[in-house]
Amino acid sequence: MKYSVCETKELKTGKMKAVTIERKSIVVIRSQNGKLYALRNVCPHKGPALSDGSLEGTCTGSEPGEYTLEKMGEILKCPWHNWEFDIKTGCSLFDPENVRVKTYSVTEEEGTVYVQVK
Ligand code: FES
């Protein structure tokens, strides 16, 4: 079922908004490039709201002393112990196969943002 969560203008670039749908806490995010994402708003480690965290990037490197800053604004960092989640997939960066948060489909129609919850 599709739920209206806010007006388009409420969710500016690089911002997020926590909403509750069917008693589930969900964070809706507008990335730096304007795309919308929605994830379960609960960290799988100890349970705080991920919406209290921050949207950042991550560093990668092929050898010591070398790093590249990537995915700016696409990594949601937990406010408690800094676990990082890719907003596109919900997967954690440290163990993407086993530690992840659920993602939801988001659409934008005629000035309203909708989240699809099955
Ligand atoms: S509670 Fe989120 S990383 Fe520990």
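What follows is a short exchange on cysteines, salt bridges and burial in a predicted model.

Colleague: How many disulfides does the structure hold?
Modeller: The structure holds zero disulfides. Take cysteine 59, which is in no disulfide. The nearest cysteine sulfur, that of cysteine 78, is 19 Å away. A disulfide needs the two sulfur atoms within 2.5 Å.

Colleague: Why is cysteine 91 without a bond to the closest cysteine sulfur?
Modeller: The closest cysteine sulfur belongs to cysteine 43, and 14 Å lies between the two sulfurs. The cut-off is 2.5 Å. That is too far for a bond.

Colleague: What is the burial class of cysteine 91, and on what value?
Modeller: The relative accessibility of cysteine 91 is 16%. Buried means under 20%, so cysteine 91 counts as buried.

Colleague: Now the charged pairs. How many salt bridges does the structure hold?
Modeller: Nine salt bridges.

Colleague: What makes glutamate 10 and lysine 17 a salt bridge?
Modeller: Their side chains meet at 3.5 Å, N to O. The limit is 4 Å, so the pair is a salt bridge.

Colleague: Why are glutamate 10 and lysine 17 called partly exposed?
Modeller: Glutamate 10 has 43% relative accessibility. Lysine 17 has 27%. Partly exposed is what falls between under 20% and over 50%, so both residues take that label.

Colleague: How do you know that glutamate 22 and lysine 24 form a salt bridge?
Modeller: The closest N and O atoms of glutamate 22 and lysine 24 are 3.8 Å apart. The pair has to be within 4 Å, so the label holds. Glutamate 22 is partly exposed at 39%, and lysine 24 is partly exposed at 26%.

Colleague: What makes glutamate 56 and lysine 77 a salt bridge?
Modeller: The N to O distance is 3.2 Å. Set that against the 4 Å limit. The two side chains therefore count as a salt bridge.

Colleague: Which parts does the pair of glutamate 56 and lysine 77 tie together?
Modeller: Glutamate 56 lies in strand β5, residues 54-60, and lysine 77 lies in strand β6, residues 68-77. The pair therefore ties together parts that are 21 residues apart in sequence.

Colleague: Are glutamate 56 and lysine 77 buried or partly exposed?
Modeller: Glutamate 56 is partly exposed, with 29% relative accessible area. Lysine 77 is at 18%. The cut-off for buried is under 20%, so lysine 77 counts as buried.

Colleague: Which residues are linked with Lys77 in a network of salt bridges?
Modeller: Glu56 and Glu84 are linked with Lys77 in that network.

Conventions. Residues numbered from 1 in each chain as written. Predicted model: local features only at pLDDT ≥ 70, side-chain atom pairs only at ≥ 80, totals over all residues. Heavy atoms only, no water. Buried < 20%, exposed > 50% of the residue type's maximum accessible area, 1.4 Å probe, protein only. Helix = DSSP H or I, 4+ residues; strand = E, 2+ residues; numbered from the N terminus.
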